[in-house]
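Reader: Before we discuss the ligand and the pocket, could you show me the model and then say on what grounds each label is given?

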Amino acid sequence: MATACCPPASALDEAAWQEAERIAGTALAKRPARVVGHLRWFLAALPWLSLLVAGRPFGRLSLARRVEVLRRLERSPVAALRRGVWGLRTLAFLAVYGRPGMREMLGWSPDPGGWSGHVPADLVRPTPSRGTPALRLVP
Amino acid sequence: MSAWDVIVIGSGAGGGTVAAALAPLAEAGRRVLVVERGPRLGVAHARPDELASADAFYAGAGAAFTEDGTIALATGQVLGGSTALSTGVAVGPSGAVIDGWRVPGLPGADIEARAAAMVRDAGAAYPHDATLNENNRLFEEGALRAGFSPERMRLLVRGCRGAGVCHLGCPNDAVLGTHALQLPRAAAAGVRIVTRARAVAIAPQQVVVRVTADEGWPAGDHVLTAPCIVLAAGAIETTGLLLRGGFGGALPRLGRGVTCHPAHVVVAEHPRAITNAVGHPTAYRVDRTTEDGYVLEPCFSSPLVTARNLTGFGPEHAQVLAAYPRLQMLRVTARDRAADGNRVVLDRDGEAIVRYRLAPSVRDALVAGQRAAARVAFGAGAVRVHVPAADPPRLDRHDMDALDRRISAALELPGRVSLSATQPLGGAAMSRGPRDGVTDAHGRVHGAPWLRIADGSLCPDSPGVHPVLTIMALAERVADAVRDDLPALAGAAPAVA
Ligand SMILES: Cc1cc2nc3c(=O)[nH]c(=O)nc-3n(C[C@H](O)[C@H](O)[C@H](O)COP(=O)(O)OP(=O)(O)OC[C@H]3O[C@@H](n4cnc5c(N)ncnc54)[C@H](O)[C@@H]3O)c2cc1C
């Protein structure tokens, strides 16, 4: 499920998976019961939904077919199904991209120094705006 | 039990402004208290962290949603409220819009004048050319090429170094939220501020405050009394406190008419790395509210927020995120209008929650805004644009001529597209009387003169995208009335044991 939503999950080793699961668990513990309940319901329904949509339970589908099933559910006229996919994929993103080191891998290294911080010099040098002929200002 | 003259619940745009405006009372020896649910921000982030900030500074640990789970609601739960996490965009209120609310005794010109004075006082300024990053420049260039008229916006910031992490709490304390401007002034005048303290119940001239890990007071429940209590806990929580307090019986419109300015993020991929994560995120806007109901702006968010904001999943989603240093981001915000069905209600646990449905006009505005955003991004040289209401969301340059077909209202399906809102308003609106709203033009709750409201919940309708100055100006008027009314209220207050 996580890999179908978030392909970088396939590269996680055992320790990284544990970390991802910990992050997801911590996040879920802070969600209202209503939200967690909906996710649970969706996960429980997924094998049956998959049977309906793809003729096999979710767990027995290839990765590409899993993605396809989730895509179909994501476009479903039933809002609860769309929300189910959205909730699960968001949790997967949180677990995978929320791990230490991931943000740097993606190229995000925020620095309180801002312009004078870590960003390579050719990128940071602010150049004059090519800009608007007559600058319009919001009052 | 401890006795105060005025208790202000919440320290954001509304509460912080009231606290500062009541400073003369504190200087004159009156006991004024601000009760804030969140912690102090501090300049704590040598290393900005998405998960830690969401957890520490946002309501619902950064994962609050509308009742049906389709719109993420981000509001600050920290000293200074949402203003402490804002980008500091300061858009003056429109007197005409406020006059259109038809609240007796609320002249739009007065709100305009107060907001203008606040802007002067804070020293809000237009960002200089030299501080603009490419995410902003590309917005301007693309907007001009697409035939729009971009305008530069004034910012409530001081000493911005362009750390680019406003939404995590500025590590340089550059955002001039109430935590930086109004609350320090109030504290210097003797206003007491207690943090990590949640008002859980209100009764006539009494409030129960639950203090957790403390920054001043012992943990546990505290019963506080005051002849005047000002609710400024934000549109959702203020309305929730009133509903829990049983005010709904006498005030049938309590909770109704909520607006939130739902927004999409459109993400564009450029062929080269651009300056995006460094620099102030939002210096421009294209305002199409009158014609099409939306505002378009540059924005930029950290990877986790970006991952959530993107619609879809799987390999395409991962490819967009992998292009992070090359991404340009644009926010499409709809100016929704107050509708009866959109309201704050209490859930099974008694917590306030927003019941909200996208009106067809809002959906159309969001779709029009996404088409415009795609045109702006392609106009700025993007090679691909990721648009929520397209299926698949990825559009290439060769799709440029088919934007109206590819980006469609039929695909703007709640739950499928990622929607977020940072500006919930209404729920305890100003009105003529108790049948059509909750307070008068000075935030006095109809039928409960000891109780005042001074935050975004006062707005009977959307004041326009970027409401902070409007809320502050309204709150200042509320504080004026508190100062005027206090002697009479104190005279009528029951003696405290
Ligand atoms: C990330 C972000 C960026 C934004 N950027 C801009 C911008 O650039 N320009 C603009 O105009 N607007 C912006 N906004 C919106 C603007 O900040 C809000 O509309 C405005 O601050 C709302 O004011 P308020 O007083 O109603 O609520 P808030 O400012 O949210 O303050 C409410 C306060 O009450 C506290 N509270 C809640 N419940 C309780 C309780 N029970 N007891 C005690 N305290 C409680 C909260 O912790 C919070 O501190 C932004 C919002 C966010 C979230």
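Author: A strand is here a DSSP run of E with at least two residues, and strands are numbered from the N terminus. In this predicted model, the largest share of the shell around the ligand comes from such a strand, E10(B), with 3 residues. E10 spans 197-203 of chain B, and at least two shell residues each also come from helices H1 (13-21), H8 (234-244) and H14 (468-492) of that chain.

Reader: What makes the pair between the ligand and the side chain of B:Ser82 a polar contact?

Author: The cut-off for a pair of N or O atoms is 3.5 Å, and an oxygen atom of the ligand is 2.8 Å from an N or O atom in the side chain of B:Ser82, so this pair counts as a polar contact. By that criterion, the 3.4 Å between a ligand nitrogen and an N or O atom in the side chain of B:His466 also qualifies, as does the 3.3 Å between a ligand oxygen and a backbone N or O atom of B:Pro467. The protein covers 95% of the 1,000 Å² of accessible area that the ligand has on its own.

Reader: How do you know which residues line the second largest pocket, and which of them lie nearest its centre?

Author: A lining residue must have an atom within 4 Å of a pocket point; 26 residues line this pocket, and A:Pro139, B:Val91, B:Gly92, B:Pro93 and B:Ser94 lie nearest its centre. H5(B) gives the most to this lining, with 5 residues, and the pocket has a volume of about 440 Å³.

Terms used:
Residues numbered from 1 in each chain as written. Chains lettered and ligands numbered in written order. Predicted model: local features only at pLDDT ≥ 70, side-chain atom pairs only at ≥ 80, totals over all residues. Heavy atoms only, no water. Polar contact = N/O pair within 3.5 Å; in protein donor to acceptor, adjacent residues only side chain to side chain. Areas by Shrake-Rupley, 256 points an atom, 1.4 Å probe, with all protein chains shown as cover. Helix = DSSP H or I, 4+ residues; strand = E, 2+ residues; numbered from the N terminus. 1 Å grid on protein atoms, 1.4 Å probe; cavity = no way out; pocket = protein on both sides within 12 Å on 5 of 7 lines; lining within 4 Å. Points joined across faces, edges and corners; volume = space filled by probe spheres on them.
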